Amino acid sequence: MFFLSLWLQILRMIRFPRQSKSRRIDSRAYRRRRVSIALACVIVLAGFLILRHPESVSFARFDQLNGPMEKTIVAPAQEAKRQDFQKGGANSLAILLTDPQSDWLSIAFGLRSIGIPFIVTTDYREALTHRVVLVYPNVTGRSLSSSALEALTAFPAHGGTLIVQHALGGGFDKLIGFESAVVKNATELRFKSPSPLVEGLDDPEEKDIRIGGKLVTGVGTYAYINPKNMPLAVYEDGSAAILGDKTGRAFAFGIDLGYLFSRGYNNRQQDIAQNYANAYEPTLDVLLRCLKNIYRQGEKNAVTLGTVPQGKQLAVLFTHDIDYTRSLVNALAYAEFERSHGITATYFMQVKYVRDWNDDVFFTPDGVHALRKLQTLGMEIASHTVSHTRAFRTFPLGDGLERYPDYAPFVVDKKLARGGSILGELRVSKFMLEQTVPGLQVASFRPGHLAAPYALPQALEATGYRYSSSVTANDSLTHLPFQLTYNRETSARTAIFEFPLTIEDELDGPMDKRLPQAIALAHKLGRYGGLFVILIHPDILGHKMAFEKGFVEAMGDKPWYGSVAQFGDWWSARNEIDVDARNRGRGVVVVTLRAPRDIEGLALDLPAGWSFQSSTAGVSVSQKNQRVILGRFSGNVELLFRN
C-alpha cells in the first residue's frame with residue numbers, strides 16, 4: 001500500500017500541464033513541472049532509504065540502554081528418562097513401558113495435568129505392585145516375555161485393574177474377549193453409555209470426540225474385531241475402539257494415547273480440531289478423564305491433585321495484547337476495572353521501537369510511563385515480541401548476541417519481516433521491559449498472531465522465561481495447561497509451561513454478543529477444573545469491555561482469577577508434588593505430600609467416605625465432601641484420614 005500510494009503521488013506530480021489553444025506551454029506550468037519532478041525524485045530516494053535503513057523512519061531511542069550484553073546459549077536437548085518418573089507410592093498408577101522409543105512422555109504430561117499420581121517402569125514385577133497398570137504402547141508376544149504376559153493376564157483376577165493399549169497378542173484377546181485387532185484409519189471416537197469410562201462426561205461434545213482428520217488419519221488406531229461384550233467406545237464406522245471385560249477390571253484401547261497427546265501438546269494437530277478458538281474441543285481432556293475414572297475405580301486409596309487454586313471450579317486468566325498505538329491508553333481502563341474486582345491480569349506488551357508496516361512506534365518514554373501505571377495497578381507485564389509479525393514462525397533461532405539498539409527487525413508486509421530472530425525477539429523485549437519498568441521480572445510470553453516457531457520452548461527457557469500462552473486450547477486439543485517439549489517434539493522436556501488460549505476477541509463478531517456462549521463454555525470447563533484464558537486486545541473499549549464486565553458479573557465467585565505468572569507459579573509448584581497414600585490400620589489412611597516449593601491452595605480429591613483428622617507441620621486443612629484444600633506448605637507433610 002505504501003508503494004502504490006507513493007507512485008500514484010509521483011504520477012500526479014509529473015503529469016504535463018494543459019496546453020493553451022496556441023499549443024504553447026505556459027512557462028509557469030513548466031517550472032511547476034520541473035519542481036514536481038524534483039520532489040518526486042526526493043520521494044523515491046526517501047523510499048529507497050526506508051527499505052535500506054528502516055530505523056531512519058522512526059526509532060525510539062533510550063540513550064541509557066544497551067543490551068542485553070550477556071550471550072544467550074540454548075542448551076542441547078536432553079532425552080527424558082523414565083527414571084525421573086519413579087517416585088510414586090504404591091497407590092500410583094503404573095505405566096508399564098514396552099517400547100522406550102514411544103510417545104510415553106506425552107502421557108506423563110497428561111497424567112500430571114489431570115492430577116493422577118503415576119510411575120513409569122519397564123519391569124512388569126514392579127508395575128504389578130500397583131493396583132492400576134497401564135501397558136503402553138502395545139502388547140505382543142515380542143514386546144513382553146511369556147512370564148510377563150502370564151502375570152499381566154492374571155492380574156485382574158487378583159483384584160488389579162489393567163489398561164492395555166494396542167492389545168495385539170499375548171492372550172489379551174481371550175482376557176478381554178475379541179477375535180483380532182486390525183489397523184483402522186479413524187477420525188472420531190464415540191463413547192457408549194452406561195460405562196465406567198464416561199462418569200461425569202455428560203456433554204454431547206464429550207461423547208463424540210475427534211481423533212483424526214484428512215491430514216492426520218488413523219493416529220495409530222486399531223479396531224477390535226468381533227468383541228464378545230458391547231464396546232465402551234467405537235469409531236465412526238461402528239467398529240470397536242475401546243473394550244472392557246465383564247468385571248470392569250480389564251480394558252483394551254485401540255487408539256494410541258501418547259501419539260494423540262503429542263499431536264495436541266506439540267501444536268501438530270493439523271486438522272483434527274474443527275475450531276481455532278472460542279469453542280469446546282476436549283479430545284485430550286476426555287481421554288484423561290476416562291483414565292482418571294478407571295484409576296479412581298481401581299485404586300481404593302486414589303488421591304488426585306486439583307487443577308485450580310483454592311479448589312475453585314475454574315481458573316480464569318484475563319490477558320491483553322498491547323500491539324497498537326491506542327492500546328496503551330485503553331489498557332489502563334481495563335486494568336482499573338480489574339483492580340476494582342481484585343483481579344490481576346496479564347498485559348503482553350509489544351516492545352515496538354521501530355516504525356514499520358505494522359504501526360507507528362509506541363514503546364516510547366510515554367509508553368513506558370503507561371506501563372508503570374499498569375504495574376502500579378498490580379498487573380503482570382509480559383512480552384509480546386519486538387516486531388509482532390507472522391513471520392516470527394519462520395525466524396531463524398539467532399546467535400544469542402542480539403541487543404538493543406542494534407536489533408531492529410523491520411516488518412515489510414503481512415508475511416515478510418527482515419532482520420529478526422527468535423532469540424532477538426525474546427531477549428531484547430525482555431531486556432527493554434525490565435530495564436524501563438523498575439523491579440519488573442518478565443516471566444510470560446506470547447507471540448504476535450500466536451505465530452509460534454517450534455524452537456520456541458527451548459528459546460524461552462534459555463532467555464529466562466517460564467510461561468507461555470502461545471497457542472489456542474482447540475489447537476492443543478485440551479483445556480488444561482501442559483508442559484512443553486524441546487522443538488515441540490516427543491522425547492525431551494523443557495521447564496516451560498503452556499497456558500493455551502480459550503476465548504479471543506477478533507473472530508466471530510463483537511464480544512458482547514458472544515457472552516452467553518463464553519459463559520456456557522466456562523461452565524463446561526468448570527465441571528472438571530479446566531483453564532479459561534481470555535484474550536482481549538485493548539484497542540477499543542466498547543463491546544470488549546462490556547464482555548469482560550459481563551463475564552465477571554455472571555461467573556460470580558466460582559472462578560479463581562489471576563495472571564499468567566501467578567497461575568504459572570502455582571501450577572509449576574503443583575507439578576513437582578508427589579502424593580502417596582497408605583493404610584495405617586484401624587481405618588486410618590496416611591497421605592504423604594512432598595512439595596519441593598511453597599504452594600498454597602492445593603486441593604486433593606479423595607475417595608468417598610474419608611474424613612480429615614489431623615496434619616503435621618501445622619498445615620491448615622479444610623474439607624468439603626470428597627475434597628480438602630490445604631493452606632501454604634512445603635517439604636514433607638502427612639495428613640491423617642479416617643475411612
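Modeller: Helices and strands here are DSSP runs, numbered from the N terminus, with H or I over at least four residues for a helix and E over at least two for a strand. By that count the chain has 17 helices and 30 strands. This is a predicted model, in which local features need pLDDT of at least 70 and side-chain atom pairs count only at pLDDT 80 or more, while totals for chains, interfaces and linings use all residues. Residues are numbered from 1 along each chain as its sequence is written, and side-chain values use heavy atoms, with hydrogens and water left out.

Biologist: What follows just after α10 at Gly342, and how many residues does α10 have?

Modeller: Gly342, just after α10, takes a positive phi of about 70 degrees. Helix α10 itself runs over residues 327-340, with 14 residues, and it reaches 20 Å from its first C-alpha to its last, close to the 20 Å expected at 1.5 Å a residue, where the expected span is 1.5 Å times one less than the number of residues.

Biologist: Which residues of α10 are buried, and what covers them?

Modeller: Buried means under 20% relative accessible area, exposed over 50%, and partly exposed in between, with a 1.4 Å probe and protein chains only. In α10 the buried residues are Ser327, Leu328, Asn330, Ala331, Leu332, Tyr334, Ala335, Phe337 and Glu338, and their cover includes strands β13 (314-322) and β14 (346-349) together with helices α11 (365-376) and α16 (542-555). Over the chain, buried residues make up 57% of the 643 residues.

Biologist: Which residues touch the most other members of the largest nonpolar core?

Modeller: In soluble globular proteins, nonpolar side chains tend to be buried together. A nonpolar core is a set of buried Ala, Val, Leu, Ile, Met, Phe, Trp, Tyr and Cys residues joined through side-chain atoms within 4.5 Å. The largest such core has 135 residues, of which Leu189, Phe191, Phe253, Tyr353, Met432, Phe532 and Phe551 touch the most other members, and α9 gives the most to this core, with eight residues. A second, separate core of 39 residues includes Ala573, Val591, Leu593 and Leu639.

Biologist: What does Phe532 touch?

Modeller: Taking contact as heavy atoms within 4.5 Å, and not counting residues up to four places away in sequence, Phe532 touches Leu314, Ala315, Val316, Leu317, Thr502, Ile503, Ala518, Leu521, Ala522, Leu525 and Phe551.

Biologist: Which residues lie nearest the centre of the largest pocket?

Modeller: On a 1 Å grid over the protein atoms alone, a pocket is an open set of points with protein on both sides within 12 Å along at least five of seven lines, a cavity is a set where a 1.4 Å probe fits but cannot get out, and lining residues have an atom within 4 Å of a point. Of the 29 residues that line the largest pocket, Lys292, Asn293, Arg296, Arg527 and Asp605 lie nearest its centre, and α9 (283-298) and β26 (603-605) each supply at least two residues of this lining, the largest share, five residues, coming from α9.

Biologist: Is Asn293 buried or exposed?

Modeller: Asn293, which is in helix α9, counts as buried because its relative accessibility is 12%. Leaving aside neighbours within four places in sequence, Asn293 is in contact with Pro196, Leu197, Val198 and Glu199.

Biologist: Which residues line the largest cavity?

Modeller: The lining of the largest cavity consists of Phe109, Arg112, Ser113, Phe482, Gln483, Phe497, Trp571 and Asn575. Elements giving two or more residues to this lining are α3 (104-114), β20 (482-485) and α17 (564-575), and α3 gives the most, with three residues.
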